[in-house]
Amino acid sequence: EKEYELVFDDEIEFVVGNKRKGKNKKGEEVGSDDEKKLPVYAYRQEFLDAMKDHQVLILVGETGSGKTTQIPQYLHEAGYTDYGKVACTQPRRVAAMSVAARVSVEMGKRLGAEVGYQIRFEDCTSEKTKVQYMTDGMLLRCFLTEPDLKSFSCLIIDEAHERTLHTDILFGLVKDIVRFRSDLKLIISSATLNAEAFSAYLDDAPIFMIPGRMFPVDILYTKQPEADYVDAAVVTTLQIHVTQKIGSGDILIFLTGQEEIEACAETLTMRTKGLGSRIPELIICPIYANLPADQQAKIFEKTPPNARKVVIATNIAETSLTIDGICYVIDSGFAKQKSYNPKTGMESLVVTPISQAASNQRSGRAGRTAPGKCFRLFTAWSFKNELEENTVPEIQRTNMGNVVLQLKALGINDLLNFDFMDAPPAETLMRAFESLYALGALNDKGDLTKLGRRMAEFPLEPMLSKAVIIAEKYKCVKEILSTVSMLSIGASVFYKPKEKAVHADQARMNFARGGGGDQISLLRCYNEWEENDHGTQWCFENFVQVKSMRKARDIRDQLAGLCERVEMEETSCGLDNFEPVLKSFTAGFFFNVAKLSRSGDYTTVKSRTTCYLHPGSVLAKDEVPSKWLCYFELSFTTKEYMRQCCPIKGEWLVELAPHYYSGEDIEEAKGKKMPKQRQYNKTR
Ligand code: ADP
Ligand code: MG
């Protein structure tokens, strides 16, 4: 059924695997995207009756059946919001925002009025809000200010199958709270069928099933392993686009992150341009966490008849977001996952093979409105032998410092006996205690200190909140707030258009002049922007992303408000003497200190791991490398890269982290010859 006779020299050969079975048992009319046709709709009354009879319900339904968008509305219409809000948690910020926007349209209300969302650093709710979407982390924070959650009447812990760290902790807290608040309704909502575990955990709560409406999906595997899945995704997209009838469905590609998605989008744009009018239009829509909201909305726009849409997504589109009209899925087989080594205490984001369960979830996205095809960019052998059966819950592979601090602040002291659905490894908990002790948040009995209590007020990782609070001592609160906000944006601050790369680099290095590494460069950038009246033109001239800057300002405003709450004065040290800022940063990030070794590489002081200065660091251009570096985060791509680094002094460590560093750690470096010339790795 080839529509266009185009041959690509890099064509990929696929072999057919097992079909994913459809579940369209009644032969009901399908293919409509009418909201009333959502599977959940037929069960509205049954669901509300079950809610009347039970305090806790496990809700199970295929992705796209309407759980997230409809259930909160049903509860609202049934009067549950008369005595409190309905909260619906989402593991991802983008999902919370996007779903809230959709529901506000369905209800015909302005977003932020009756329907709103709350994510970290952004509160789009008001007095009027009845239905509130929020990240699971935000609901966790609610327990700090309102331990009985009395402003809520119903809690929906949505996407429970994702088993994020915050969701898992919420399980323990809500299980406890429903015991003494008999008027509070609790729904655990999940897209996968192994809901028995949730039911068993919640004292055998009943399971409410929404039968799905799934069409069969053909699974195709590559014949050979593909070395570059981004490239393979591009080729496969073009193959589908030219061989499959226009109107037969849109394409959804799963990649691991923003950079890959942008690269894929760019290559696709170039290659389709090259083919010109020989192929129909291909509408390219990227979606990832930091994509501006207006562009996020684009993925939901209906595809015009003579075109095809290709959505390039992270695993956000696996279950959190449903895009109608997808009939082709291209699965890279990878996702970015947090990985934590409790032995070294190092956490990094690593591109990891997904599980078989996740891959099956992805393929299911092709069969929602019609029979579909899923192209797996790996071999059938690899699926069977190299992918784990299920994804490991985040709680078992992450650093728990922040959560332990919050639980301690909630008065939950005996964490080893906390009612976890799946307990974290004891080692991970011990590591969290140790690091909070080293930060001074816990005392030697494991109790929260005054510093720890203040740290828990900030919606930041403990290392960041420590940096903020210690700045009081070094009289640089103003500077650290700006620095921390810039570090917390989560998106890049600087941009570098290809045709102006040299200018962009120059602009970037202007902020670095005067020293202090990436942290102080970010601070200079923020200050200058502020001095220039938060101007857009200034951003443009300096190759700075205006959206990132605005976000930094929002974050900063909120952190400044919290400083007031813990009675911290906004002291300032100015920019000429930035040592106090670096000291404050190091007081939080002393775990992340690396020392230049004789071979010219950097080695972390305690765990002795070799890591490399990220090529994007302003320090990467320095002639003489700093003996000591303190970094913000480690990211593992081809190597362990330190991102956002500043030069520090070894002597500071004993002063700033006496529980962690001894004189010996510092001494060792002395007396040994340091290489004069920079030899460390020059990648990229
Ligand atoms: P579930 O939670 O069961 O996976 P949802 O309630 O998220 O299902 O989705 C139900 C329907 O709502 C889907 O058809 C989806 O396309 C639509 N939908 C969800 N979010 C949006 C949005 N932001 N814009 C347009 N449609 C949306
Ligand atoms: Mg959902």
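Biologist: Which exposed residues sit on the face of H14 turned away from its buried side?

Modeller: That face carries Ala426 and Glu427, where exposed stands for 12 or fewer other C-beta atoms within 10 Å of a residue's own, buried for 20 or more, and partly exposed for anything in between, with C-beta atoms placed from the backbone. This is a predicted model, in which local features need pLDDT of at least 70 and side-chain atom pairs count only at pLDDT 80 or more, while totals for chains, interfaces and linings use all residues. Residues are numbered from 1 along each chain as its sequence is written, and chains are lettered from A and ligands numbered from 1 in the order in which they are written.

Biologist: How do you know on which side of H14 the buried residues lie?

Modeller: The buried residues of H14 are Thr428, Arg431, Ala432, Ser435, Leu436 and Leu439. They cover an arc of only 130 degrees around the axis, so they fall on the same side of H14; the arc is that of the directions from the helix axis to the C-beta atoms. An α-helix has 3.6 residues a turn, so residues three or four places apart point the same way.

Biologist: What covers those buried residues of H14?

Modeller: The cover includes helix H13 (401–409), helix H15 (450–456) and helix H16 (462–470), helices being DSSP runs of H or I with at least four residues and strands runs of E with at least two, numbered from the N terminus.

Biologist: How does the reach of H14 compare with the expected value?

Modeller: With 14 residues (426–439), H14 reaches 20 Å from its first C-alpha to its last, close to the 20 Å expected, a value defined as 1.5 Å times one less than the number of residues. H14 is followed by Gly440, whose phi is positive, near 85 degrees.

Biologist: Why is Arg278 called buried or exposed?

Modeller: Arg278 has 11 C-beta neighbours inside 10 Å and therefore counts as exposed. Arg278 belongs to the loop between helix H8 (258–275) and strand S12 (281–287), and its C-alpha atom is separated by 57 Å from that of Pro425, 147 residues apart along the chain.

Biologist: With which residues is Ala467 in contact, leaving aside its neighbours within four places in sequence?

Modeller: Ala467 is in contact (C-beta atoms, placed from the backbone, within 7 Å) with Ile480, Val484, Ser584, Phe585, Ala587, Gly588 and Phe589.

Biologist: Which secondary-structure elements each supply at least two residues of the shell around ligand 1?

Modeller: Helix H2 (67–77) and helix H3 (93–107) do so.

How values were computed. Two residues are in contact if their C-beta atoms, placed from the backbone, lie within 7 Å.
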